[in-house]
Each structure stands twice: as structure tokens, then as C-alpha cells.
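Trainee: Hi! Could you walk me through this one? I'd like to start with how some of the helices pack.

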Amino acid sequence: MTQNTPLSSRLPLPSEDVTLRVRSAAQLRARGVSAAQTSAQCLPGGPWQQILPGVYLLHPGPPTGRERLHGALLYAGRPPVSARRAPARLAEPGYGPGEEDAYGEAMVTGVAALALYGFAAVGPLGALHRIDVLVPRTRRLRSARFVEVLRTAVMPRAVRVGEVPVAPVERALADAVAATAEAADVRRLLTEAVREGHCEPAAVVRELSEAELLGRPAVVGAVDALPAEGRAAAEARLYAMVREHGLPDPVWNVELRLPGGPRLGAVDAYWPDHAVAVELDARAPRYGVPARRRQAEEDPQWAAYAAKREQLERLGVTVVHLTPRKLREAADQQATVVRTALMAAADREPAAYVMVLPR
């Protein structure tokens, strides 16, 4: 592009693609649009507007939620030197650095990230007044207008929601909780995260602990309710697994007992004709104990699980141990494990007779 190229042919035109309607100063320069020309386009009544420092909206109307999101990432992103020096012909459709380079390491977090994940508790993206963006601690960047810049010493691995880099659910949730004062709002966020299967209670508690949020009064009650929410969600996934994979119907949530003898313990599903039991490991996360001590100490609840399993297996009952995470991430594999245990029943010695009682 030469000095004699008309300005009108250099300027990006409005597009259906949101990433082309919002451009950074660096992207415009790569297109051949100077800073003076950009300023002229942003004069009152002009076709463009500056929505953030160094970020421009290429139409005169108010930005949409997606445009604000893209603008926030452009503002917080820092392209590598190679991307900033790349000739315009290397980018599609000729507007400068590609989007992934333009975002650098920046990623959306907090309530805006939860909106992208589909959390009902936060509402639509377009209704949010603030977009949190996570950047490395070494970045010298201030919050501006609707963008809140959050710094961290260790950047998590971003998750792509569409084409948008987003913090993992647990991290986004912790950042959202940090900015939420009302206990009811915190409880809604944490409950939805577990109930809708976005993450497991232990992962939520671990992230809140690392963010030093567990001591907040608004967080304490909500965290205490997470194990029950996690168990309810895991039970729903277990029911769905049995139904969707055509497994025989078990008896649900029962207690096993020897006739005239001691209680053997409760199980989540039991197939009496096959002597196969399924037990969910929905233990409460032990967030008050440091990780090294958790490894060194015996978990009393886990010890009880193990003792019950050993006693049932001595009686000929096969116990399949499932975790909520396995059910959420690999239900097909877990259904295969249960089906294999049921099929193997014909080749085992008959199990001792046990009574099946309502739980």
C-alpha cells in the first residue's frame, strides 16, 4: 500500500464478524491507517469511535456485548513483537495481526466468563457493566472504562469458548466471588456451578482457598452447601447413565444388611440378582487441611468407604466405585465398567444372601 493509495481503500469496512468491527491501533496501522487518520474518523459525527485506549469501534452506534468483550481482550492483550511487525498480507482479511496474537495471554474471567459458560445466575453478556480480564502480573496496564484488569502470578490455561479465550470455570468463579459482596449472590453462583455440572465441589473449594476467599462470611455458608449439591448432581448423572446406556434397573439408595446380623452399609445402586453395587464418592472437600497434610493423614471417610467395600467383597458383592468427575467426564466408560461387572456375575461364586432395605 503506497502513499498515493486513497484513504477510503485503506479503511476497514463494517462487517458481520465482530472481530472486524473492533480493531486495535496496531491492527489499523498494519492496514496502513495512521494515528492521525484514525483520530479523524473518530471526530464527533464520524463513522468510528474510541471505546478503550487504543481500541476502536468501526461504526457509530453503541457497542454490543460481544464487541465490548473483543475490545476488552484487544485492550488487555499484548501481541508478540513478531506479530506487531508482521506485514498486513499475513493477516486475514488484511487488517493486521491475527486475533490470537492480538489477545496475547489475556483471557476473560469473572462474571463475563461465567456468562460465556452459560451461567443463568449472571444474565446475558450484553447486560454486564464490567468485563474482567486476566493478565500476567508483570503487565503494566490499568483498568479502563468497562474493563477491570486482574493480575496473577501464574496464568491458567485458557479455555476456548467459541473463539474467546476464557479462564477455567473454577478460576472464573473465584474471580466472580471476589467481586461479589452479597451472600445470596455468592450462593447462587457456587450452587449453579456444581448443580449444572460445570465443576466439582473440591475444585471450587481449592480455587477459593488459593484466592484466600474461604474466610469471607458470604462464602462460608455457600461452601458448606456444596457437598450436598455435588451429591445431588452426581446422583442425577448416575440415573442418566443407567437409563441412557440400557443397563438393567437397579434398586436405588438402599442399605445392605446380613439377616439377623450387622449393617453392611448404604450404596447408591444395587443389582440383587448380580450382587453388584455402585457407590458414589461424594466426600466433602477438606479445605481446612493443607495439601501435604491431606496426603499424610488418613481420611476417616475414605477409610470407612474402604472398610465397607472390603466387607461387601468378602461376602461376594462386587462394589463399583465411581466419582462425580468420572460420571461427568466419561459416562460411557463408567457404564462399560458397570456392565462388565454385571456380566461377570455369572462366572463368580454365588454371593452371600444380604437383605436390601430402604435407605
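Mentor: Happy to. One definition before we start: helix axes here are lines fitted to C-alpha atoms over the stretch in contact, and angles run from 0 to 180 degrees between N-to-C directions. Keep in mind too that this is a predicted model.

Trainee: Got it. At what angle do the axes of α9 and α11 cross?

Mentor: They cross at roughly 50° and come within 9 Å. Helix α9 covers residues 169-178, and helix α11 covers residues 201-210.

Trainee: So what do we call that arrangement of α9 and α11?

Mentor: Oblique. Angles of 65 to 115 degrees would count as roughly perpendicular and those under 35 as roughly parallel, so α9 and α11 are oblique to each other. The crossing of α9 past α11 is right-handed.

Trainee: Which residues make the contact between α9 and α11?

Mentor: On the α9 side, Glu170, Arg171, Leu173, Ala174 and Val177. From α11 come Ala203, Val204, Glu207 and Leu208. Sorted by class, the α9 contact with α11 has six nonpolar residues, three charged ones and no polar ones.

Trainee: And how are α9 and α10 set against each other?

Mentor: They are roughly antiparallel. Helix α10 spans residues 183-195, and its axis lies 10 Å from that of α9, at an angle of about 170°.

Trainee: Which residues meet there, in α9 and α10?

Mentor: Leu173, Ala176 and Val177 of α9 meet Val186, Leu189, Leu190 and Ala193 of α10. By class, that contact has seven nonpolar residues, with no polar and no charged ones. Leu173 and Val177 also appear in the list for α11.

Trainee: What about the loop after α10, where Glu200 is found? Is Glu200 buried or exposed?

Mentor: Glu200 is in the loop between α10 and α11. Its relative accessible area is 11%, so Glu200 counts as buried. Setting aside neighbours within four places in sequence, Glu200 is in contact with Arg237, Pro324, Arg325 and Arg328.

Trainee: Nice. Switching topic: how many disulfides are there?

Mentor: Zero. As for individual cysteines, Cys199 is buried, because its relative accessible area is 1%. Cys42 has 23%, so Cys42 is partly exposed.

Trainee: Now a strand. Where is Val254, and what does Val254 touch?

Mentor: Val254 is in strand β9, residues 251-257. Not counting residues up to four places away in sequence, Val254 touches Gly265, Ala266, Val267, Tyr270, Val356, Leu357 and Arg359. Its relative accessibility is 6%, so Val254 counts as buried. The C-alpha atoms of Val254 and Asp268 are 6.6 Å apart, and these two residues are 14 apart along the chain.

Trainee: Val267 is on that list. Which residues is Leu312 in contact with?

Mentor: Val267 turns up there as well: beyond neighbours within four places in sequence, Leu312 is in contact with Leu256, Leu264, Val267, Val317 and Val319. Leu312 is found in helix α15, residues 300-314. With a relative accessible area of 1%, Leu312 is buried. The C-alpha atom of Leu312 is 9.1 Å from that of Ala277, a residue 35 away along the chain.

Trainee: Last one, zooming out. How many helices and strands are in the protein chain, and what share of its residues counts as buried?

Mentor: The secondary structure comes to 17 helices and 13 strands. Of the chain's 359 residues, 47% count as buried. Among contacts between residues at least 6 apart in sequence, 62% join residues at least 24 apart.

Notes:
Residues numbered from 1 in each chain as written. Predicted model: local features only at pLDDT ≥ 70, side-chain atom pairs only at ≥ 80, totals over all residues. Heavy atoms only, no water. Helix = DSSP H or I, 4+ residues; strand = E, 2+ residues; numbered from the N terminus. Parallel < 35°, antiparallel > 145°, perpendicular 65-115°, else oblique. Left-handed = near helix turned anticlockwise from the far one by under 90°. Contact = heavy atoms within 4.5 Å. Nonpolar A, V, L, I, M, F, W, Y, C, P; charged D, E, K, R; others polar. Buried < 20%, exposed > 50% of the residue type's maximum accessible area, 1.4 Å probe, protein only. Disulfide = S-S within 2.5 Å.
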